[in-house]
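Visitor: I have just begun to read protein structures, and I would like to learn how the words used for them are justified. Could you take me through one, step by step?

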Amino acid sequence: MIKFNLHLAMVVVPGLILFSACNSGSNDQSKSTAVLDTVSLSSKSFALAYQDGNKIVATSIDTMKQISFGGATDPAISPDGNKLAYTVSDSVGNRSIWVADMESKSQLQLQASSKNYDHAVWSPSGKTIAFNLFNDKGVWKVALIKADNTGFLLLGSKLANSVFSPTWKSETEVIAHDLKNIYTFDASGKLLATQTIAELIGADYHISSSNSFFYTTNEKKLIFNAGFGKQVDGLNNLPEAVFTLDLNTKKIIRISPEGMNVPYVFLTADDRIFYSGAEKPFTQSKIYVSDLEGNVKTVVDKGTNPTGTLK
């Protein structure tokens, strides 16, 4: 996805399993596959998936049990830890989302009406996946599909502008933004609500297409990341940070520490905040987890783009 901006005033155990993206050199996305070995995963307990350079890692929360594979991006582990969605790019730059079953090792390509779709996000039950889709009019949309590859649905088809970074407000509601507004859709594709981002969080935050907004389970807080503060050496844009917004009091609390750049945040269905961030000189990103009160601990010493399961 092209990143748009708006300023508002391990211990890895190698060789357990290998998924390798195989590109055919054709435009046919169905020929981009992933190859798994024969190692059984029945004794594994996966709680976190993240990017480590050019590979994806799935791990237990204590990082003692891990698998990794290359050739894919955008890892999204299901809430029960049994499935993993990820993006595969073919030789001409088309992107598609695949889902692998961590037990049976079966895999399927989600069928969408586009040659370019990515950023999978599981619903709280794990039954449905939301994702971004680039349509034939050159506009980014949000779509839904069931985990069994049925029920494809485009959300907000009447919106002329691009919308980005879908997340789940509840099992039946999805939110996304267009840099200026947050949109709430129901599972039938109907637009339920539109809120101005500046009215929610003020005018001092820099929003890009990759920034995400998450509602907590009780819908009383909004978790988000955004550019904030002053430009620092070593970064092309404002440093990004993770914040919580109390929707009743309108109070915003910073979760990630000063001096860290946090381009990615993820809220689990049980309200744990995972994020990846790097400190100056911003060359190595670590993965952290926090509760809603801001009690943070390091989970992985090298990684980006974390997603987590239920506890």
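Guide: Let us begin with a definition: a residue is called buried when its relative accessible area is under 20%, exposed when that area is over 50%, and partly exposed in between. Please keep in mind throughout that this is a predicted model.

Visitor: Why is Tyr288 called buried?

Guide: Tyr288, which is found in strand β26, has a relative accessibility of 9%. The limit for buried is under 20%, and therefore Tyr288 counts as buried. As for its surroundings, Phe274 is 14 residues away from Tyr288 in sequence, while their C-alpha atoms are 5.7 Å apart in space.

Visitor: What makes Gly308 buried or exposed?

Guide: Gly308 belongs to strand β28, and its relative accessibility is 5%. Set against the limit of under 20%, that value means that Gly308 counts as buried. Along the chain Gly308 and Asp270 are 38 residues apart, and 9.7 Å separates their C-alpha atoms.

Visitor: How do you know whether Asp74 is buried, exposed or partly exposed?

Guide: The relative accessible area of Asp74 is 23%. Partly exposed covers the range between the 20% and 50% limits, so Asp74 is partly exposed. Asp74, found in strand β7, also has a positive phi of about 55° although it is not a glycine.

Visitor: And why is Glu219 called partly exposed?

Guide: The reasoning follows the earlier pattern: Glu219 has 34% relative accessibility, and therefore counts as partly exposed. Glu219 lies in the loop between β20 and β21, and, although it is not a glycine, it has a positive phi of about 60°.

Visitor: How much of the protein chain is buried?

Guide: Of the 311 residues in the protein chain, 53% are buried. The accessible surface of the chain comes to about 13600 Å², and carbon and sulfur atoms account for 52% of that surface. The chain has one helix and 28 strands.

Visitor: Why is β17 said to be largely enclosed by the rest of the structure?

Guide: Six of the six residues of β17 are buried, so the strand is largely enclosed by the rest of the structure. In a regular strand the side chains alternate between the two faces of the sheet. In β17, Asn181, Tyr183 and Phe185 are buried on one side, and Ile182, Thr184 and Asp186 are buried on the other, so that both faces are covered.

Visitor: What makes β17 and β18 a pair?

Guide: Two strands pair if at least two bridges are found between them, and β17 and β18 are joined in the antiparallel sense over five bridges. Among these, Asn181 has Thr196 of β18 as its bridge partner, and Phe185 has Leu191 of β18. The two strands form a hairpin with four residues between them, and Gly189 in the turn has a positive phi of about 100°.

Visitor: How do you know that β16 and β17 pair as well?

Guide: The minimum is again two bridges, and β16 and β17 have five, in the antiparallel sense. In one of them, the partner of Glu173 in β17 is Asp186. These strands form a hairpin with three residues between them, where Leu179 in the turn has a positive phi of about 85°.

Visitor: Which strands of this open sheet are edge strands?

Guide: The sheet has four strands in the order β15-β16-β17-β18, with antiparallel pairing. Its edge strands are β15 and β18, because each pairs on one side only. Neighbouring strands of the sheet are turned by 20° against each other on average, direction ignored.

Visitor: What volume does the largest pocket have, and which residues lie closest to its centre?

Guide: The largest pocket has a volume of about 420 Å³. Among the 23 residues that line it, Asp74, His119, Ser210, Tyr264 and Asn305 are the closest to its centre. The lining divides into eleven nonpolar, eight polar and four charged residues.

Visitor: Where is the cis peptide bond?

Guide: The cis peptide bond joins Lys280 and Pro281, with omega at about 15°, and Pro281 lies in the loop between β25 and β26.

Note on methods
Residues are numbered from 1 along each chain as its sequence is written. This is a predicted model: local features need pLDDT of at least 70, side-chain atom pairs count only at pLDDT 80 or more; totals for chains, interfaces and linings use all residues. Side-chain values use heavy atoms; hydrogens and water are left out. On a 1 Å grid over the protein atoms alone, a cavity is a set of points where a 1.4 Å probe fits but cannot get out, and a pocket is an open set with protein on both sides within 12 Å along at least five of seven lines; lining residues have an atom within 4 Å of a point. Grid points are joined across faces, edges and corners, and a volume is the space filled by probe spheres set on the points. Ala, Val, Leu, Ile, Met, Phe, Trp, Tyr, Cys and Pro count as nonpolar, Asp, Glu, Lys and Arg as charged, and the others, Gly among them, as polar. Buried means under 20% relative accessible area, exposed over 50%, partly exposed in between (1.4 Å probe, protein chains only). Accessible areas come from the Shrake-Rupley method with a 1.4 Å probe; for residues, only the protein chains shown count as cover. Axes are lines fitted to C-alpha atoms, for helices over the stretch in contact, and angles run from 0 to 180 degrees between N-to-C directions.
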